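Me: I'm new to this one. Could you walk me through how to read a few of its features?

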Amino acid sequence: MQSHAQAVVIGGGVVGCSVLYHLTKAGWTDVVLLERSELTSGSTWHAAGGMHTINGDPNVAKLQQYTIELYDEIEELSEQSIGLHLTGGVFLAATNERFDWLKSMHAKGLYLGMDTEIISPKEAAEIFPLLDPDKFVGAMSDPLEGHLDPSGTTWAYAKAAQKKGAVIHQQTRVTDLQQNQDGSWRVITEQGEIHTEHVVNAGGLWAREVGRMVGLELPVLAMEHMYLLTEDMPEVVAFNESSGLEVPHCVDFDGELYLRQERKGMLMGTYEKACKPWSPKETPWDFPQELLPADIDRIAPSLEVGFEHFPAFQNAGIKQVINGPFTFAPDGNPLIGPIKGLRGYWCACGVMAGFSQGGGVGFALSNWMIEGDPGFDVWAMDVSRYGDWASLAYTNKKVQENYSRRFSIRFPNEELPAGRPLRTTPVYDRLLAAGAQMGEAYGLEQALWFAPTGVVDDFSWRRSTDFEHVAGEVNAVRAAVGMMEISSFAKYTIRGSGASDWLDRLLTCRLPAEGRMTLAPMLNYAGKLIGDFSLANLGDGEYFIAGSGLAENYHMRWFTQNLPEDGSVEIIARGAGLVGLSIAGPKSRELLQRLVDEDVGNQGFRFLDIRKLDVGMAPCLVGRVSFTGDLGYEIWMKPEFQRYVFDLIQSQGEDLGLRLFGSRALNSLRIEKNFGSWAKEYRPVYGPYEAGMGRFVALKKEADFIGKAAAAVEKESGGKLRLRVFVVEAKDADAIGDEPIRYEGEVKGWVTSGGYAHASRVSVAMGYVAKEIADKQYGWSIDILGETLPATPQTEPLFDPSAERMRG
Ligand SMILES: Cc1cc2nc3c(=O)[nH]c(=O)nc-3n(C[C@H](O)[C@H](O)[C@H](O)COP(=O)(O)OP(=O)(O)OC[C@H]3O[C@@H](n4cnc5c(N)ncnc54)[C@H](O)[C@@H]3O)c2cc1C
């Protein structure tokens, strides 16, 4: 075995082999793959080999599309058959809610360039002859589906990589990983040692253990999974003979089943409710290439529905039941990318649909390793979306929930209960007592809205039980004053002699003067948005940043990666160690004045001022800023003061009409101000000028901030897209994100977020459209739940376009 390689991939499943292939394809030929046993011997060998493009996240869907389109290439290059059957398929809906969901998937497909079609149950039965159309209300067809030979496909990636110079060692288990002082790695195996710059954890069933080698507890768990194979079925043979076609793929969501032809019979698999984790604590290194015992009782309820929905199965003999384990992250999406503080350690784990996603994962990860950026929007798959709070026990609960709900609908207003509450703040009980309906973000509980006794969310695609109550919260903010907990924001303290210079190089804005705040976008080297913060200068070389809570680990990874090596800058993620409350609305100043000694009049405490103030007896940091777009203040404090401050604000605000509001009201308030939000409008595929943040990009400042050159090019060229806000003639459902935006009937953009702007009493959608047509006043429409609805561009914010309320 050689003593050095540029990169070492650990794991020869479909994912590791895809990473290896993509590295060589991009020009890294000094790469090695180490496999404990034989290639495919983890979860890959017993996969059903199904593949499809549909995914709830359009960016993951895009990578799935890429994966499927890659298969011809690797088959040709490797001269290894992958046994591809591109049969197409149907997705079935037995309820109206499910049909609405299919329509929303179809809508996403429109702007992704997918050829899905919404069809009737009868039309579905023409494509998939085994179904009983009376059991369904609608369906969607998709030509880009099929299945392949899992082993052949893995070997095709491997052989194609070998042809480009990669080396594969089988029967070579990695037993340890040691990082050298210079950041490089010693990969210690049963057959010797390799020295490398980059290690890829593609350990599949053993990804957790390969994580533990470097002190990582990756949130990944294997689940048992079963599918059955039938004896030959006359109905299948008859269809093959009469049509000349294979019986295609089919997903029956309400039966929680997937099906396809296998030889002259059928394969039927299910994500059963009574699911079972496999090796929940540790995967044995000597787990051989063998199947787990079948347990038909566990999948019997799904099979019963299957026999009803597909009557031909009632007479079919079961030839074999396959039961094998494969891994999942808590939300079912892969875990890819680098790890904060572990230079050169890369994850390609938790890939539960290796044959739909493996190619995309390999492509994105190899880009990331070579170019420093995945080149796609991989936010939904980024390993950094979980923090240290995602413990083994949490992962266990969440993965089981995700598995058992794999084919269930998640409504846009639905919060999933498993593993909660986990992270709470001191006012949690007070919020609950006030009727808070809780959601979770980055593991932290936060109030979505406040319900009167007996009212809860009725899960739906359409406006629901919260509608009038969220309206009440919004109207209280616009008319008087509201209080919201804002602890879920990420907060960072930055200090040290190099802090100013470092921030100047990291962020695109000019640094604010002492006691002032500014909006601070952050770009990657390609000039794309990787953060939008509020940056405050607290004086004495100390800065305070607030940003998206979801992205805390994501941002800390970038911050630490870019810290100067001389130790002149310290950055601390404050997490739930610093909590917050916000008050907003025209009476918020009067309320604040009752709580503090200092003058907080418009001159004494200007818009974007920030200072340390005692709120009652509690030392706090108070900034005059609010994401509601109204007069408002953010008040930060240590957790031990939060209940006191909360109670004080409540008692002092009562006669001013103070009302608690939650994140749904905040969404309604910010969309009528045209304020974008991280992970929605601002993502690493949009440039700052496209996103309308150009005024915070100080190209003229001296500092050569990261992304400056690319931003200058974008300014010059204007980029490709523009973020626009539309008022939609919606009926009983508002845009939520990912709906297609049409111009003169043609799909020309997509919605990033939306909702009902209660104060303005209109339905709003924000989204990106092609730059060339972005300023057209007429001809727009947006698809919501299958209906194309007229939309009018809203160039000025609906509320307070001159920002007098915010600044006055
Ligand atoms: C019953 C069943 C049906 C499925 N059906 C489908 C389907 O229809 N479509 C689909 O897309 N997916 C399906 N899957 C899931 C699919 O199998 C996985 O997504 C895929 O196998 C993941 O591949 P991987 O490379 O990440 O992991 P693995 O296949 O587990 O590969 C990891 C490899 O790493 C090696 N390894 C680990 N640690 C070390 C170490 N320390 N040193 C050296 N080598 C190491 C292991 O030996 C193993 O070969 C199914 C899975 C099951 C169980």
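Reply: Sure. Keep in mind that this is a predicted model. Let's begin with a pair of helices: H15 passes H16 in a right-handed crossing.

Me: Which residues of H15 and H16 make the contact?

Reply: On the H15 side they are Leu591, Arg594 and Leu595, and on the H16 side Leu648, Ile649, Gln652 and Gly653. Sorted by character, the residues of this contact come out as four nonpolar, two polar and one charged.

Me: And at roughly what angle do the axes of H15 and H16 cross?

Reply: Roughly 120 degrees, with the axes of H15 (residues 588–595) and H16 (residues 639–653) coming within 10 Å. An angle between 115 and 145 degrees counts as oblique, so H15 is oblique to H16.

Me: Now strands. What holds them together in a sheet?

Reply: Strands pair through backbone hydrogen bonds, and the pairing is either parallel or antiparallel. Here, take E6: strand E4 (residues 89–93) runs antiparallel to E6 and is joined to it by five bridges. Within that pair, Ala93 has Gly138 as its bridge partner. Strand E5 (residues 117–119) also pairs with E6 in the antiparallel sense, over three bridges, and there Ile118 stands opposite Met140.

Me: How many residues of E6 are buried?

Reply: Five of the five, so E6 (residues 138–142) is largely enclosed by the rest of the structure. Look at its two faces: Gly138, Met140 and Asp142 are buried on one side, and Ala139 and Ser141 are buried on the other.

Me: Let me try a single residue. Is Asn367 buried or exposed?

Reply: The cut-off for buried is under 20% relative accessible area. Asn367 has 14%, so it is buried. You'll find Asn367 in helix H9 (residues 354–371). Leaving out residues up to four places away in sequence, Asn367 touches Gly372, Asp373, Pro374, Gly375 and Phe376.

Me: One more: in what order do the six strands close into a barrel?

Reply: Go round it as E33-E36-E35-E34-E37-E38, with antiparallel pairing. On average, neighbouring strands of this sheet are turned by 45 degrees against each other, ignoring direction. For a close-up, E35 (residues 746–757) and E36 (residues 762–770) pair over eight bridges, and Gly749 has Val769 in E36 as its bridge partner.

Me: Which helix packs on that sheet?

Reply: That's H17 (residues 663–671), which touches strands E33, E35 and E36. The direction of H17 makes about 125 degrees with that of E35.

Methods: Residues are numbered from 1 along each chain as its sequence is written. This is a predicted model: local features need pLDDT of at least 70, side-chain atom pairs count only at pLDDT 80 or more; totals for chains, interfaces and linings use all residues. Side-chain values use heavy atoms; hydrogens and water are left out. Axes are lines fitted to C-alpha atoms, for helices over the stretch in contact, and angles run from 0 to 180 degrees between N-to-C directions. Helices (H or I, at least four residues) and strands (E, at least two) are DSSP runs, numbered from the N terminus. Angles under 35 degrees count as roughly parallel, over 145 as roughly antiparallel, 65 to 115 as roughly perpendicular and the rest as oblique. A crossing is left-handed if the near helix is turned anticlockwise from the far one by less than a right angle, and right-handed if clockwise. Contact means heavy atoms within 4.5 Å. Ala, Val, Leu, Ile, Met, Phe, Trp, Tyr, Cys and Pro count as nonpolar, Asp, Glu, Lys and Arg as charged, and the others, Gly among them, as polar. Buried means under 20% relative accessible area, exposed over 50%, partly exposed in between (1.4 Å probe, protein chains only). Two strands pair if DSSP finds at least two bridges between them.
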